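Work through the exercises below with the structure in view. Try each task before reading its solution.

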Amino acid sequence: MRLWGSLSLPALVSAAGIIAREDTSNNALEKCPGYTASNVQTTDSGLTAELTLAGTACNVYGEDLKDLILQVTYETDNRLHVKIQDAGNQVYQVPESVFARSSAKTTASASHLQFAHTASPFSFKVTRRDTGEVLFDTSAASLVFESQYLRLRTALPSDPYLYGLGEHSDPFRLNTTAYIRTLWNQDSFGIPNGANLYGAHPFYLEQRATGAHGVLFLNSNGMDIMIDQDTANSGRQYLEYNTLGGVLDFYFFAGPSPVEVSRQYGALAGTPAMQPYWGLGFHNCRYGYQDAFDVAEVVYNYSAAGIPLETMWTDIDYMDRRRVFSLDPERYPLETMRAFVSHLHERDQHYVVMVDPAVAYQDYPPLHRGIEQNAFLLRANGSAWVGVVWPGVTVFPDWFAETADTYWTNEFKLFFDRDAGLDIDALWIDMNEPSNFPCNFPCDDPYAAAKGYPPPAPPVRAPPRSLPGWPCQFQAGGCTGKRSIDAATAAIPVEATNPNVPPAVDTGSLILPARAAAAAGDQKGLPDRDLLYPKYAIHNKAAYQDDWNAAHGGISNHTINTDVMHQNGLAMYDTHNMYGSLMSIASREAMLARRPGLRPLIITRSTFAGAGAKVGHWLGDNLSTWQKYRESIRGLLAFSALFQFGMVGSDVCGFAGNTTEELCARWAALGAFSSFYRNHNEYGAAGQEFYRWPSVATAARKAIDIRYRLMDYFYTAMRRASVDGTPSIAPVFFHYPDDRAAWPLDLQYFYGPGVMVAPVVDEGATAVSVHLPRDRFYDWYTHKLVRGDGRTPHTFSAVDVTTIPLLIRAGVVIPLRARSANTTTELRRQDFELLVPLDERGAAAGELYMDDGVSVEQAAGAVTDVTFAYEGGVLRVNGTFATVGEQLPRITKVTVLGEDCKTRRAAAARGSSSEEGKGSRSTKVDISLTEASSTKI
């Protein structure tokens, strides 16, 4: 979260000898000789070979490495690993602590993929073993492997359907002409199109008529991935990797369905972290709440408006001068905040705050403890590396320092202590690209850049009115005989921590370990690289202009300088894209330490491949525009269906700028069908809590009612995702891969396996046309049959702003709570109804998973995991049934959709009922979820 400011890079240092990438496509790089393969050794599970530079080095963006090693491993029947690295094993590689590797092996003959290579000039192909179809072919251009630049190009079929290579806000199906995807995490306010955003996910899925496959390029260095047509080669389509370093480490996933590709990627990168049940409730936040009373009044107003609010969030407003691990003693005093949190907990609601990685370089305990433990990033001279974030001049944790995790966990233990601190239920981490947004590169005068930070605090006030039913701290008269400001924090004089004055701290504990001379097996990076001014300029939009990413050090602009070394010898040049994920890992462990055994709900902004196994992701600082409303679906699909995240969502109604009543109403409904559902907006913008407009309040109530009734259905889909990687939210073509017209769709999608979401997406519109694959669907509201033929669009008409069109997919049984509730705790006590939408055979099947909703590990006998099968008028329930724990609700109604008239008449004679105007019949039942059963419906 930040406010938009203009970019400028004054007084930047220049370096000589820079060549723009566009000028080399048919010139200098074409002279690179490539490599020759020799000493090929083949085994049952793969092969190895030596690669030797095939001619005179071209040295375009660095020095060509003369000797490389090829390693090919058939890891599973559906996954092939191909790695090309330096013979000395010295070039940087992604650490296993960030992305764990697999030791699995299978035989080449058992694999669905096949590797083949050409010795000179070296190139390789990956094909399907059964058909010979080429999936990846590097013969289109010579391999370039230099000290600070790698290039590898693969041929693509014409008009390819590619997805992934995040994070971006471009179309879900990637552009294929003159398109550059840059992966270099940046604080990207407004999530602009055509730009690198907060995360780096070098994974793509390609869908073809013959099936889908996936490719992961495991590399954390800054890179450009170019998708274009080679005009010098008959317009042949290609995808080309251009990186600033690392090795060529590829994983290929056979599919052949898109869902299988996603599962196979999840098996390697990690499947989504299972989230607490309550995390699926509705959340509210904003940047700019004046004080604790302001926050409490929002909670009160939601209750008064009859809009269920599960979790209240607070942005950095709660901090003392924007410093992490601190409370504003006048606006958010500890005594008041503890009363606020207790009030929420007593009503089964939850509380979340933001924590940034940057620690104020000011005279306060978290800084002192971090310095004493040597937990921060350091300069070459051993002093702390300082930048500028919200509190002013700051330091940054070095997540690779041996003491960093211990330091972070201890700060969480102290500040978020259940009995004496701020007892949060979940965590929000931000600014972890990492952002150093007020300080232009080279950031050599952070104290000058810090002027104006922290921003002025709002006025201090007493409670302006009373909140009925709330503690005395939220009453107009206050608490009789008690101080309204916490004594411990109020005693800190403001002038003692001027952010523009270096603090009086003992830096004797700061030690940057001397790095030993580079050695074989080191994997810390080649020596003598120019870590600030690489010759190849990636298209990082944090730089003033693209070509400044080389000569002018643009890759360091508004972030930590890339020549900063971690205490373990790695360089920020190599690790920058992982900083947010490293913070996520440390924060998850800190949350587990303070609440052992409970699933941590952590929402982060910056991510790297595999982060979804630890945390969820919100899509960043979007704008309150119809364009960003539409684009939010793209981000949701990318992270949920491709990158293996279980909790994903946008800032509902938009973060920056003033929303409108119509936009907010539409977004309130759309957001209810993302996994993470939160309203959030920026400082200075008009308030947009759902209760502020009648139509928005109505839209929110209706959408939340559906979301909450569907919560167990979606929780079951999340559980499935955490077990085997099946996406809980997916594009239409994931369920209908043979429907080519579905391949580009990114404005309609599936929420769980059986509910299609088809929002109205244009301002002023009251209708929307959607593509329906050849199948049976049922309108959510009327239960009437809608037949899809794969050609004719279906139009929803007269859709008012309080309604979102939904369809039920035939053949998928949907378990629903019989009624909604104000909290998820109350919701879990409600009985179930089953929706049974019949397919062409007159059958349907589904599943339901229930556990205690919060524990990492479930107690023996505490899980209900059942399947439903309906055919011939009989419902069968089978599976695993809980024997301990809370009493389970019962199934009290079964609603069948799609029966013929004769069957419905016969059922009516047995006591079933059909609601007027609905294409379904309902039967009251009393089915236990503690044992298998068979029931005539």
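**Exercise 1.** In what order do the 6 strands of the open sheet stand, and is their pairing parallel or antiparallel?

*Solution.* The model is predicted. Step 1: read across the open sheet, which gives the order E29-E30-E31-E36-E33-E34. Step 2: check the pairing, which is antiparallel. Step 3: look at the edges. Strand E29 (729–731) and strand E34 (785–788) each have a single partner strand, so one side of each is left without a neighbour in the sheet. Step 4: consider the twist. Direction ignored, neighbouring strands of this sheet are turned by 35° against each other on average.

**Exercise 2.** Find how many bridges join E29 to strand E30, and which helix packs on the sheet there.

*Solution.* Step 1: E29 and strand E30 (residues 749–751) run antiparallel and are joined by 3 bridges. Step 2: locate one opposing pair; Ala730 stands opposite Phe750 in E30. Step 3: add the helix. Helix H10 (residues 626–642) touches E29 and E30 as it packs on the sheet, and the direction of H10 makes about 110° with that of E29.

**Exercise 3.** Classify the packing of helix H11 against helix H12 and describe the contact.

*Solution.* Step 1: take the geometry. Helix H11 (residues 661–671) and helix H12 (residues 694–709) pack at about 5°, with axes 8 Å apart. Step 2: angles under 35 degrees count as roughly parallel, so H11 is roughly parallel to H12. Step 3: list contact residues. H11 contributes residues including Glu661, Cys664 and Ala668, while those of H12 include Pro694, Val696 and Arg707. Step 4: sort by class; the contact of H11 with H12 has 9 nonpolar, 2 polar and 2 charged residues.

Technical notes. Residues are numbered from 1 along each chain as its sequence is written. This is a predicted model: local features need pLDDT of at least 70, side-chain atom pairs count only at pLDDT 80 or more; totals for chains, interfaces and linings use all residues. Side-chain values use heavy atoms; hydrogens and water are left out. Two strands pair if DSSP finds at least two bridges between them. Helices (H or I, at least four residues) and strands (E, at least two) are DSSP runs, numbered from the N terminus. Axes are lines fitted to C-alpha atoms, for helices over the stretch in contact, and angles run from 0 to 180 degrees between N-to-C directions. Contact means heavy atoms within 4.5 Å. Angles under 35 degrees count as roughly parallel, over 145 as roughly antiparallel, 65 to 115 as roughly perpendicular and the rest as oblique. Ala, Val, Leu, Ile, Met, Phe, Trp, Tyr, Cys and Pro count as nonpolar, Asp, Glu, Lys and Arg as charged, and the others, Gly among them, as polar.
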